[in-house]
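User: Hi! I'd like to walk through this model with you, a few questions at a time. Could you show me the sequence and structure before we begin?

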Amino acid sequence: MLNQAPSKIFVQNIAPLCKDEFPIFQNKELVYLDNAATAHKPRCVIDRMSNFLAHENATVRRGVYKLSEKATQTYEGARKKIAKFLNASSPEEIIFTKGATEALNLVAYCFGAISLREGDEVLITAMEHHANIVPWQVICQIRRAKLKVVPLTETGELDLDALEKLITDKTKILALTHISNVLGTVNPLKEIIALAHNHNVPVVVDGSQATPHTKIDLQDLKADFYVFSGHKAYGPTGIGVLYGRKELLVQMPPYQTGGDMIETVSFERTTFALPPYRFEAGTPPIAQAIGLGAALDFIDRVGLEQIATHEDALLHYATEKLSEIPGLKIYGTAKDKASLISFTMDCAHPHDIGTVLDDDFGVAVRAGHHCAQPLMKLLGVPATTRASFALYNGSADVDKLVEALWRVREIFA
């Protein structure tokens, strides 16, 4: 994450990390800069999932035969890897979901249901993804609670003074992103969580943009809930993670009901299993969980510190180069910022920019509201173009982006 500018010598030639381990880049023409939406998968993840499906496939936690027992050990091994990666207190605090969106909905409906009463308040921030807005809106409507929004500063950072003033004895939940998917702002989580806990307010964190880029230490942060998506962390789609403090999880009702989340079932009464299984009804995403475990092994092998340093350099280099283009405006200038840049150009709509970049230069960027329409309204724009970087990007990718944007200016200006 951006803290201080690397030297000019360093940023003039930034080589990608491990790019040859990603099969998709056999297409030498592809310049992929939409990593905040989804990251590509290294060969080790693809091979691990393929091997499981071809040679190890069986349902988990149900069979007494050896193949099922081995699948169960591998699946639960992935849970242990994730607990270690996040420095959770126990694997029992790790719940597999189909994505960060489902994880946030689970917390909103299950924890919100036991926490909120009429007149209570839920705090979110103005930089949230829709997945961390809409579930809280709905549960507030159901419970007749009120949703309040923490404003931003001109640089795209949370207004911490306003946050402190918004917390009252009616505040029952604070939900916020670790890193903004539009502005790249890295929120000072430890400070914010400590502030909320001083008022006995539990904190729900959307870590989707943070997990592949920075070290997460949940025992240090002391977040009550933390979620992320597998596919943004070089893992497969269809898998997400919810971390929850065990003492909170055991109080929560199940999100879905059915097989394997029960203790006993009769026609008169059903009792539910302890977490995490209480929240994993039905056959779980076994291959996807194993693939996510392999993805986190890959991140550990490369090293989060090396990844962060590499992406910081790319961010500085890209910010410098894009700032030289007339009529281009960057949104989000926080002191602590992750490796993405959202921008507009005075000569073209973001959708036109994205089309030209793709059709003429093979550069893949995101164009739109990025599932953050309230933030777009606050910024006063309908959409932005977003370039987001990962470990397999290098300065040559930035150069291609810049070349393409100069061409956009020639076409539309």
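User: Which residues does Ala71 touch, leaving out those up to four places away in sequence?

Analyst: Happy to start there. This is a predicted model, in which local features need pLDDT of at least 70 and side-chain atom pairs count only at pLDDT 80 or more, while totals for chains, interfaces and linings use all residues. Residues are numbered from 1 along each chain as its sequence is written, and side-chain values use heavy atoms, with hydrogens and water left out. With contact meaning heavy atoms within 4.5 Å, Ala71 touches Phe52, Glu56, Ala58, Thr59 and Val60.

User: Is Ala71 buried or exposed?

Analyst: Ala71 sits in helix α3, residues 66–86; helices (H or I, at least four residues) and strands (E, at least two) are DSSP runs, numbered from the N terminus. Buried means under 20% relative accessible area, exposed over 50%, and partly exposed in between, using a 1.4 Å probe and protein chains only. Because its relative accessible area is 1%, Ala71 is buried.

User: How far apart are the C-alpha atoms of Ala71 and Ile286?

Analyst: Along the chain, Ala71 and Ile286 are 215 residues apart. In space, their C-alpha atoms are separated by 8.2 Å.

User: Which residue's backbone oxygen lies 3.2 Å from a polar atom of the His310 side chain?

Analyst: His310 belongs to helix α11, residues 304–322, and is buried at a relative accessible area of 6%. Leaving out residues up to four places away in sequence, His310 touches Ile14, Ala15, Pro16, Leu17, Ala390, Leu391 and Asn393. The backbone oxygen in question belongs to Leu391.

User: What is the strand order of the open sheet of seven strands?

Analyst: Two strands pair if DSSP finds at least two bridges between them, and the pairing in this sheet is mixed. The edge strands, each pairing on one side only, are β2 (94–97) and β4 (146–150). The full order is β2-β8-β7-β6-β5-β3-β4.

User: Which residue of β6 is the bridge partner of Ala175?

Analyst: Strands β5 (residues 171–177) and β6 (residues 203–206) run parallel and are joined by four bridges. The partner of Ala175 in β6 is Val204.

User: At roughly what angle do the axes of α12 and α14 cross?

Analyst: Axes are lines fitted to C-alpha atoms, for helices over the stretch in contact, and angles run from 0 to 180 degrees between N-to-C directions. The axes of α12 (residues 350–361) and α14 (residues 395–412) come within 10 Å. They cross at roughly 115°.

Key: A polar contact is a pair of N or O atoms within 3.5 Å; within protein, one must be able to donate a hydrogen and the other to accept it, and residues adjacent in sequence count only if both atoms are side-chain atoms.
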